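User: Please take a close look at one part of this model, the sheet in the later part of the chain. I would like the strands, their pairing and what packs on them in one connected account.

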Amino acid sequence: MTSHSEFALSLEGVSKTYGDFTAVRDLSFQVARGSICGFLGPNGAGKTSSVRMMLGLSAPSAGKITVLGGEGGKVLDRIGFLPEERGLYRKMTPVDMIVFLAGLKRVKASVARKRAIAMLEAQGLGEFMNKPIKSLSKGMSQKVQLIGCLVHEPELVILDEPFSGLDPVNQQGLEDVIRDLARRGATVLFSTHVMQHAERLCENVVMLTKGRKVFEGTLKQARAAAPRYLELEGAVSREQVAALPGVAEVVDGGVADEGAHLWRLKFATGLSPNAALKAAFLTGLDVRRFEAHEPTLHDAFIVLTGGEAQ
Ligand SMILES: Nc1ncnc2c1ncn2[C@@H]1O[C@H](COP(=O)(O)OP(=O)(O)OP(=O)(O)O)[C@@H](O)[C@H]1O
């Protein structure tokens with residue numbers, strides 16, 4: 001049996017209703033300490049509502065949430081939170097802003113200032129640290145806000161759509177920051193509807209759609225929910241490829257060169273194309289080229305959330 005304390009975050013049967021509307025329904029999952037968890041779902045899935053409950057900013061209508069062994073509201077000093085709605089005092093400088101945010105988490109100003117300067121420099125914002133935030137680009141001020149959420153060295157970091165609004169270079173930089181946090185023992189939960197970030201960062205993901213959990217597990221388990229595809233080119237007929245083991249659907253890819261035809265074969269969920277390829281060669285089919293496509297997390301997301309990917 002795993003003890004409760006191995007989890008930085010635990011939700012048990014959590015629901016949230018707004019009037020007649022249920023935004024989160026009977027949600028249960030756990031996040032292991034020191035891990036990176038992707039909290040995935042299309043727009044309106046209930047991610048922000050769940051995050052607000054984790055932080056103790058709104059009370060669950062039902063169920064129980066345990067954060068770092070306590071309740072979200074009581075352990076706020078040990079949590080770092082980046083809200084979906086970004087905003088900083090535009091007239092303040094990045095250093096003063098970060099020192100102010102650290103003060104809310106009871107970090108001494110002298111300590112916070114040192115950390116702020118080091119973190120701003122590490123993020124390439126050294127020359128902007130004493131300029132007003134309004135003179136920074138959107139990506140730069142997002143970095144300042146991220147530093148403000150990390151300056152008190154939180155054990156649990158919750159980031160709501162942290163990648164939105166960042167260019168590819170800054171997205172990459174944020175991925176590095178998240179990896180580094182986990183390496184140093186912090187637990188990170190981030191919400192997103194862009195699967196590539198989760199695919200690169202997470203051991204485990206939780207998928208939500210219309211307020212319900214549709215998946216919780218490893219990336220490998222998630223990908224197994226999506227069918228695999230095989231492109232096969234050769235002088236073979238539809239009947240011949242359809243008869244190969246595991247083929248659930250055959251899509252005509254048109255005439256390829258020199259009498260060959262391209263077929264796209266979709267396999268039943270959980271089956272690999274290996275048996276079909278083996279059978280094709282053993283029966284002497286004239287296969288000239290083949291390419292197997294491994295499902296991505298994006299493919300799994302579409303299957304698991306019923307096609308609501310962005
Ligand atoms: N205070 C509220 N009152 C009424 N309905 C709300 C409230 N907050 C959220 N909702 C509804 O609950 C549902 C879930 O919203 P939530 O913001 O939690 O989703 P989300 O997964 O974070 O979506 P997004 O990716 O678009 O931010 C939505 O249909 C939303 O309209």
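**The four-stranded sheet**

Analyst: Start with one residue pair. Gly234 has His261 of S12 as its bridge partner. That pair belongs to a wider match: strand S10 (residues 229-234) and strand S12 (residues 261-267) pair antiparallel over six bridges. The model is a predicted one.

Now take S12 and its pairing with S11. Strand S11 (residues 247-255) is joined to S12 by six bridges, and the two run antiparallel. Within this pairing, Glu249 stands opposite Lys266 of S12. S11 and S12 form a hairpin, with five residues between the strands. In that hairpin Glu258 has a positive phi, near 50°.

Put the strands together. The sheet is open and has four strands, in the order S11-S12-S10-S13. The pairing is antiparallel. S11 and strand S13 (287-293) are at the edges; each has a single partner strand, so one side of each lacks a neighbour in the sheet. From one strand to the next, the twist averages 20°.

A helix packs on this sheet. Helix H9 (residues 274-282) touches S10, S11, S12 and S13. The direction of H9 makes about 175° with that of S13.

Two general points help when reading the strands on screen. Strands of a sheet pair through backbone hydrogen bonds, in parallel or antiparallel fashion. In a regular strand, side chains alternate between the two faces of the sheet.

Next, the setting. The protein chain has 10 helices and 13 strands. Its C-alpha atoms fill a box of roughly 75 × 45 × 40 Å along the principal axes. The protein chain has 310 residues, and 39% of them count as buried. Among contacts in the chain with a separation of 6 or more, 70% are between residues 24 or more positions apart.

Last, the ligand. It is surrounded by 13 residues, and the closest are Tyr18, Ala23, Asn43, Thr48 and Ser49. Strand S2 (21-32) and helix H1 (47-54) each supply at least two residues of this shell. H1 gives the largest share, three residues. By type, the shell around the ligand has four nonpolar, seven polar and two charged residues.

To return to the sheet: S12 pairs with S10 over six bridges, and six bridges also join S11 to S12. H9 packs on the sheet and touches S10, S11, S12 and S13.

Methods
Residues numbered from 1 in each chain as written. Predicted model: local features only at pLDDT ≥ 70, side-chain atom pairs only at ≥ 80, totals over all residues. Pairing = 2+ DSSP bridges. Axes fitted to C-alpha atoms, helices over the stretch in contact; angles between N-to-C directions. Contact = placed C-beta atoms within 7 Å. Near = placed C-beta within 6 Å. Nonpolar A, V, L, I, M, F, W, Y, C, P; charged D, E, K, R; others polar. Buried ≥ 20, exposed ≤ 12 C-beta atoms within 10 Å, placed from the backbone.
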